[in-house]
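Open the model in your viewer and keep the selection box at hand. Each stop below says what to select and what is there.

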Amino acid sequence: MSRRTALLPAGALLLASACGLTSGSPMVDDVEPGSIGRGKPLEGARLTVTSKSFTENLILGAMMGIAFQAAGADVLDRTGIQGSFGAREAVHKGDADGMYEYTGTAWITYQGNSEPIADPRAQWRAVRDADLKSGLTWLSPSALNNTYALAMNQEDFRKYGTKNLSDVAELAQGRPKAVTVCVEGEFANRADGLPGMEKAYGMSLPAGNITQMDTGIIYTQVAEGSCTYGEVFTTDGRIKSMNLAVMADDRKFFPNYNAAPEINSKALKKWPAIAEILDPVTAKLTNAVARELNAKVDVEGEDPHQVALDWMRAEGFVK
């Protein structure tokens, strides 16, 4: 599954080669334990956190690092790796100790499966069990599910009244000209994208009803009503800022992309408190939270690390 690209934070790493990380900056947030990290169980630990380069993952990487700091660790910030494989390999090889990864990405992209598992908890268990063999441990997953969806503006929502993809399929059958969609090229051709969705919901959209464009433009075009429906990511902050209505995937076609901490198993064995420190943070992560925090960066222009720190303090995790 493709992911959005965001500006790299100060001190973001540069990947000089496939075998490791070549730069980073110490995290120096003035934080103390709140509801997590009491007793500073990571005192003496030197931990490295990483992330991919898109907004949401930068925020999640910062949350992990801030949590580790509050628990007493010295933390090296190596967030912002371009692409998915580099960040995962950093954790896999021990160049980094942890990151937030997505279950569907691991299951399909890394572990080579073609059929997603419909139940999100079962999907997480399958990913966890497979990765244990490669020295990676998945901690408890969040409800945050950054998967595909179709969305429409409020004017069209009131006009057509569709609430889920079955409604869209019914509309496409009864009023074919009403269902125009804007999608990116990859989604237009992937089995877990538009072709698979049409098959799962019994749709057959005319080629003239489908317009391919860059991801960022889709949100603007949908908001303006240039297309009735647009492909979106369910946790994108622009959904909230543009007040778009997201169609429910009522037949559970799209894969689950729940975010969860992926930790190097050797690091976890040495510092088992990592799990109890991160679990409460992960449990608070939902699509609504992600949309709000992502919008602060993508719409309001705030720094991802600062957004993470403000949220961690507001939730009482750190002081």
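Select Ala-149 and Val-232: Ala-149 stands opposite Val-232, which belongs to strand S9. Keep in mind that this is a predicted model.

**Stop 1: strand S9 and its partners**

Extend the selection to residues 229-233, the whole of S9. Is this strand covered or not? Mostly covered: 5 of its 5 residues are buried. Show the side chains. Tyr-229, Glu-231 and Phe-233 point one way. Gly-230 and Val-232 point the other way. Residues on both sides are buried, Glu-231 included.

Add strand S6, residues 148-152. S6 and S9 pair in the antiparallel sense, over 4 bridges. Now pick Tyr-148; Phe-233 of S9 stands opposite.

Next add strand S7, residues 181-183. S7 and S9 run parallel and are joined by 2 bridges. Select Val-181 to find one of the contact points: its bridge partner in S9 is Tyr-229. As general background, strands of a sheet pair through backbone hydrogen bonds, either parallel or antiparallel.

**Stop 2: the whole sheet**

Which strands make up the open sheet, and in what order? There are 5, arranged S8-S7-S9-S6-S10, with mixed pairing. To see the edges, select 210-212 for strand S8 and 245-246 for strand S10. Each of these edge strands pairs on one side only.

**Stop 3: strands S2 and S3**

Move to residues 46-52, strand S2. Here 6 of the 7 residues are buried, so S2 is largely enclosed by the rest of the structure. Add residues 74-81, strand S3. S2 and S3 run parallel, joined by 6 bridges. Pick Lys-52 and look across to Ile-81 in S3, which stands opposite.

**Stop 4: two positive phi angles**

Select Lys-40, in the loop between strand S1 (25-26) and S2. Check its backbone: phi is near 45°, a positive value in a residue other than glycine. Is Lys-40 buried or partly exposed? Partly exposed, because its relative accessible area is 28%, and buried would mean under 20%.

Then go to Asn-243, in the loop between helix H10 (237-241) and S10. Phi of Asn-243 is near 55°, again a positive value in a residue other than glycine. Asn-243 has 47% relative accessibility, so it counts as partly exposed.

**Stop 5: a long-range contact**

Select Leu-268 in helix H11, residues 265-270. Leu-268 counts as buried because its relative accessibility is 15%. Now add Thr-137 and draw a C-alpha to C-alpha distance: the pair are 7.9 Å apart in space. In sequence, Leu-268 and Thr-137 are 131 residues apart.

**Stop 6: the negative patch**

Finish on the surface. Which residues form the negative patch? Select Glu-292, Glu-300, Glu-302, Asp-303 and Asp-310. Start with Glu-292, which lies in helix H13, residues 287-298. Its relative accessible area is 41%, so Glu-292 is partly exposed. That value also passes the patch cut-off, because patches are made of residues with over 30% relative accessible area and no salt bridge.

Note on methods: Residues are numbered from 1 along each chain as its sequence is written. This is a predicted model: local features need pLDDT of at least 70, side-chain atom pairs count only at pLDDT 80 or more; totals for chains, interfaces and linings use all residues. Side-chain values use heavy atoms; hydrogens and water are left out. Buried means under 20% relative accessible area, exposed over 50%, partly exposed in between (1.4 Å probe, protein chains only). Two strands pair if DSSP finds at least two bridges between them. Patches are made of residues with over 30% relative accessible area and no salt bridge: like charges are joined within 9 Å, nonpolar side chains (Val, Leu, Ile, Met, Phe, Trp, Tyr) within 5 Å. Accessible areas come from the Shrake-Rupley method with a 1.4 Å probe; for residues, only the protein chains shown count as cover. A salt bridge is a side-chain nitrogen of Lys or Arg within 4 Å of a carboxyl oxygen of Asp or Glu. Lys and Arg count as positive and Asp and Glu as negative; His and the chain ends are not counted. The place of a charge is taken as NZ of Lys, CZ of Arg, CG of Asp or CD of Glu.
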